[in-house]
Amino acid sequence: MSDQQVEQEHPVTPLELYFDLVFVFAFTQVTTLLSDDPTWGGLGRGLLILAALWWAWAGYAWLTNTVNPDEGAVWGAMLVAMAAMFVAALAVPDAFGHHALVFGAAFLIVNLMHIALFVLAGRGDADLLAAVLRIAPSTLAGAALIIGAAFVHGGVRPMFWLAALAVGYFAPLLVGMSGWRVHPTHFVERHGLILIIALGESLVAIGLGARGTGIGAGVIVAAVLGFVVATSFWLAYFDFFPMRGRQMLEERRGAARTALARDAYTYLHLPMVAGIVLFALAMKETLAHVGDELDTIPALGLCGGSALYLFAYVGLRLRLSRTVGRGRFAAALVFVLLLPVALAVPALVALALTAAVWIALHAYEIIWWREARSQTRALRVPASAS
C-alpha cells in the first residue's frame with residue numbers, strides 16, 4: 001500500500017455518529033446499573049460492563065478509520081452490529097443476572113461482525129489481513145468467555161469477565177501493531193465525538209437527578225455546579241488535546257503511529273469515559289439529595305470520577321515523555337484527598353469543592369501554559385492530507 005493511500009483521510013460519517021448513539025445508550029444503562037446498586041459489588045460489575053462496551057466501540061473506531069462505512073456491505077454489517085449492541089445495551093442492567101446470556105450473545109455478534117468486516121477490508125492488503133488474523137482469536141475468545149460467564153454463578157462469573165477483558169485488552173500488546181492503519185484526523189475526531197456524547201449523558205443525569213425534587217435554590221445551585229464540572233471535563237479535553245493528539249499521530253509512521261493510537265486513545269480514553277460515567281452517577285444522587293451526605297459510591301463517583309479522568313492525562317504524558325507533569329497530576333491527587341471530606345459534608349458542599357478544584361486547575365493552565373496553549377490551538381485547522 002502506498003503512503004498516499006495510507007494517509008488518505010475521510011470525514012466521520014452520519015452512520016458512525018448513529019452507531020455512537022447506541023453506545024451512549026449503553027453507557028447510560030451502566031449509570032442506571034450503578035444508581036440501582038450503589039455498592040462495591042455494583043461498582044465492580046458496572047466497570048466491567050463499561051470496559052466491555054469500550055472494547056467493542058474501540059474496535060469499530062479502528063474499523064471505520066480503515067474502511068468507508070458508507071460502502072454497501074460495510075453499511076449493512078454495521079447496522080447488524082448496531083442492532084446487536086442495542087440488544088446488549090438493553091441487557092446491561094441485568095448483565096450479571098438473568099440477562100447474562102442475552103448480553104453475551106449480542107456481544108459475540110458485535111465482535112463477529114467486526115472481525116468479518118476487517119477481513120473483507122484486508123483482502124487487498126496482506127499486511128492488514130495478517131494483523132486482523134493475529135487479533136481475531138483473542139477477540140472471539142474474549143467474547144466467548146463473556147458468554148461462558150452466563151453459565152456460571154456467584155463469584156466465578158466476574159472472574160470470567162475479568163479473563164475476557166484481559167484477553168481482549170492485552171492481546172494487542174502481545175501480538176504487536178504492525179499491519180494496522182491509522183488516519184490521524186478521522187481517528188482523533190471520532191474519539192472526540194464519543195467523549196462529547198458521553199458528556200451529554202452526564203448532563204442528562206443532572207436533569208434526571210433533579211426530576212421530582214422541586215426546583216428549589218439548592219437544586220438550582222447544584223445543577224449549575226454540575227454544569228461547571230461537566231464543562232470542565234469538556235475544556236480539559238477540547239482546549240488543546242485534539243490538536244496535539246493529531247499532531248503526535250501525524251509525526252509518527254507505521255507501527256509507532258498505531259502503537260501510540262492504541263495507547264493514547266484505545267487504552268487511555270477508557271478511564272476518561274469511566275470518569276464521566278462515575279460523575280453522572282454522582283450527579284443523579286447529588287441532585288436528588290442536595291442537603292444530605294453522599295453515600296460511599298456516589299461520593300467516590302464525584303471525586304474519583306474527576307481524579308480518574310485527570311489520571312488518564314497523566315498516563316498519556318507518562319507514555320510520551322516519561323514525566324507526570326504538575327497541574328493535572330496535582331489536581332487528581334487533590335480529588336483523591338477530597339473523598340473523605342465528600343463523605344462528611346452535604347452533597348451540595350462536596351459538589352462545590354469539586355467545582356472549585358476544577359476551576360483552580362483551569363486557571364492555572366490558562367495562566368501558566370498560555371503560550372503553549374496558543375501554539376497548540378493554532379493547530380486547530382488540520383494540515384491537508386497528503
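This section describes salt bridges, helix packing and selected residues in a predicted model.

Eight salt bridges are present in the structure. In one of them, the side chains of Arg190 and Asp20 are joined with an N to O distance of 2.7 Å. This pair connects distant parts of the chain, since Arg190 belongs to helix H8 (residues 184-210) and Asp20 to helix H2 (residues 14-36), with the two positions 170 residues apart in sequence. Arg190 and Asp20 are both buried.

A second salt bridge is formed by the side chains of Arg181 and Asp125, at 3.0 Å from N to O. Here too distant parts of the chain are linked: Arg181 lies in the loop between helix H7 (156-175) and H8, and Asp125 lies in the loop between helix H5 (100-121) and helix H6 (126-149), 56 residues apart. Arg181 has a relative accessible area of 14% and is therefore buried, the limit for this class being under 20%. Asp125 is also assigned to the buried class, because its relative accessibility is 7%.

A further salt bridge pairs Glu365 with Arg328, whose closest N and O atoms are separated by 2.6 Å. The partners come from distant parts of the chain, Glu365 from helix H15 (residues 347-368) and Arg328 from helix H14 (residues 327-342), and they are 37 residues apart. Both Glu365 and Arg328 are buried. In addition, salt bridges with shared partners connect Glu16, Asp20 and Arg190 into one network. In general terms, side chains of opposite charge can pair when their charged atoms come close.

The packing of helix H3 was examined against two other helices, H5 and H12. Helix H3 (residues 40-66) packs on H5 at an angle of about 20°, and the two axes are 10 Å apart. Because angles under 35 degrees count as roughly parallel, H3 and H5 are assigned to that class. The crossing of H3 over H5 is left-handed. On the H3 side, the contact is made by Ile49, Ala52, Leu53, Trp55, Ala56, Gly59, Tyr60, Trp62, Leu63 and Thr66. The H5 side contributes Phe103, Phe107, Val110, Asn111, Met113, His114, Leu117 and Phe118. By residue class, the contact of H3 with H5 comprises 14 nonpolar and four polar residues, and no charged ones.

Helix H3 also packs with helix H12 (residues 269-288), at an angle of about 135° and with the axes 11 Å apart. An angle of about 135° lies outside the ranges for roughly parallel, roughly antiparallel and roughly perpendicular pairs, and H3 and H12 are therefore oblique to each other. The crossing in this case is right-handed. Leu43, Leu50, Ala51 and Trp54 of H3 meet His269, Leu270, Val273, Ala274, Val277 and Leu278 of H12. The contact of H3 with H12 consists of nine nonpolar residues and one polar residue, with no charged residue.

Three individual residues were considered in addition. Arg322 has a phi angle near 60°, a positive value in a residue other than glycine. The residue is placed in the loop between helix H13 (296-321) and H14. Arg322 has a relative accessible area of 64% and is therefore exposed, the threshold for this class being over 50%.

Arg257, by contrast, is located in helix H11 (residues 254-267). With a relative accessibility of 3%, Arg257 is classed as buried. Its C-alpha atom is 29 Å from that of Val277, although the two residues are separated by 20 positions in sequence. Val277 is one of the H12 residues that meet H3.

Val336 is part of helix H14, the helix that also holds Arg328. The relative accessibility of Val336 is 43%, so the residue counts as partly exposed. Apart from neighbours within four places in sequence, Val336 makes contact with Ala307 and Phe311. The C-alpha atoms of Val336 and Ile297 are 13 Å apart, with 39 residues separating them along the chain.

Terms used
Residues are numbered from 1 along each chain as its sequence is written. This is a predicted model: local features need pLDDT of at least 70, side-chain atom pairs count only at pLDDT 80 or more; totals for chains, interfaces and linings use all residues. Side-chain values use heavy atoms; hydrogens and water are left out. A salt bridge is a side-chain nitrogen of Lys or Arg within 4 Å of a carboxyl oxygen of Asp or Glu. Helices (H or I, at least four residues) and strands (E, at least two) are DSSP runs, numbered from the N terminus. Buried means under 20% relative accessible area, exposed over 50%, partly exposed in between (1.4 Å probe, protein chains only). Axes are lines fitted to C-alpha atoms, for helices over the stretch in contact, and angles run from 0 to 180 degrees between N-to-C directions. Angles under 35 degrees count as roughly parallel, over 145 as roughly antiparallel, 65 to 115 as roughly perpendicular and the rest as oblique. A crossing is left-handed if the near helix is turned anticlockwise from the far one by less than a right angle, and right-handed if clockwise. Contact means heavy atoms within 4.5 Å. Ala, Val, Leu, Ile, Met, Phe, Trp, Tyr, Cys and Pro count as nonpolar, Asp, Glu, Lys and Arg as charged, and the others, Gly among them, as polar.
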